[in-house]
Amino acid sequence: MRQPDIEIYLREDHVKDLLAWLPEAIGPVVLDEPKGNSRQGLIESQPPVPLMIVRKAAGKWTSIWFDSEATPWATDADCARAVHQALGHEVRCSVGSWNETDGEADADRWLKVNAEGESEFVWAL
């Protein structure tokens, strides 16, 4: 089932690699000037995909949020796999769709995709 938006986490020092790869994967990226720890922008695809990047959203990890279902990826995990394959860096994402009405039980369950494969873990900061 296609998720309404996509969010992944990448270590801060690899965000430049992601931004260099995105135009090839989905379309040109136009970013606003940084505001504090975040930047907003747009991927110029058809239809355009709003993008938000939040530095240090979880320690050394940056949140990359594609605010659209019109991405090449149906789920966060699909995106994480594609980014890891393209960049070779560990990518983290939620194990599936989650919202506040689901309760807290699964809120800390995450998936990491890296050179060792895929595995679930509890990401509690």
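Buried means under 20% relative accessible area, exposed means over 50%, and partly exposed lies in between, with a 1.4 Å probe and protein chains only as cover. The model is predicted, so local features need pLDDT of at least 70 and side-chain atom pairs count only at pLDDT 80 or more, while totals for chains, interfaces and linings use all residues. Residues are numbered from 1 along each chain as its sequence is written, and side-chain values use heavy atoms, with hydrogens and water left out.

**Exercise 1. Classify aspartate 17 as buried, partly exposed or exposed, and describe its surroundings.**

Step one is to place the residue: aspartate 17 is found in helix H1, where helices (H or I, at least four residues) and strands (E, at least two) are DSSP runs, numbered from the N terminus. Step two is to apply the cut-offs: the relative accessibility of aspartate 17 is 34%, so this residue counts as partly exposed. Step three is to list its partners, where contact means heavy atoms within 4.5 Å: not counting residues up to four places away in sequence, aspartate 17 touches Leu87 and His89. As a last step, take a distance along the chain: glycine 27 is 10 residues apart from aspartate 17, and their C-alpha atoms are separated by 15 Å.

**Exercise 2. Describe the order of helices and strands in the protein chain, and its overall dimensions.**

Begin with the inventory, which is two helices and eight strands. Along the sequence these elements follow the pattern β-α-β-β-β-β-α-β-β-β. The radius of gyration, taken over C-alpha atoms, is 14 Å, close to the 14 Å that the globule rule gives for 125 residues, so the protein chain is as compact as a globular protein of that length. That rule is 2.2 Å times the number of residues to the power 0.38. Along its principal axes, the C-alpha trace spans about 35 × 30 × 30 Å. Finally, 37% of the 125 residues count as buried.

**Exercise 3. Find which residues have the most contacts inside the largest nonpolar core, and follow two of them.**

A nonpolar core is a set of buried Ala, Val, Leu, Ile, Met, Phe, Trp, Tyr and Cys residues joined through side-chain atoms within 4.5 Å. The largest one has 24 residues, and those with the most contacts inside it are Ile8, Leu18, Phe66 and Val83. At least two residues of this core come from each of several elements, including strand E1 (6–11), helix H1 (15–25) and helix H2 (76–87). H2 gives the most, with five residues.

Now follow isoleucine 8, which is found in strand E1 and, at 0% relative accessibility, counts as buried. Leaving aside neighbours within four places in sequence, isoleucine 8 is in contact with ten residues' worth of chain positions that include Ile64, Cys79, Val83 and Val91. Valine 83, with residues up to four places away again not counted, touches Ile8, Leu18, Trp21, Gly88 and Val91.

**Exercise 4. Locate the cis peptide bond and the positive phi value in a residue other than glycine.**

For the first part, the cis peptide bond joins glutamine 46 and proline 47, with omega about -5 degrees. Proline 47 is found in the loop between strand E3 (38–43) and E4. For the second part, the residue is lysine 56, whose phi is near 55 degrees, and lysine 56 lies in strand E4.
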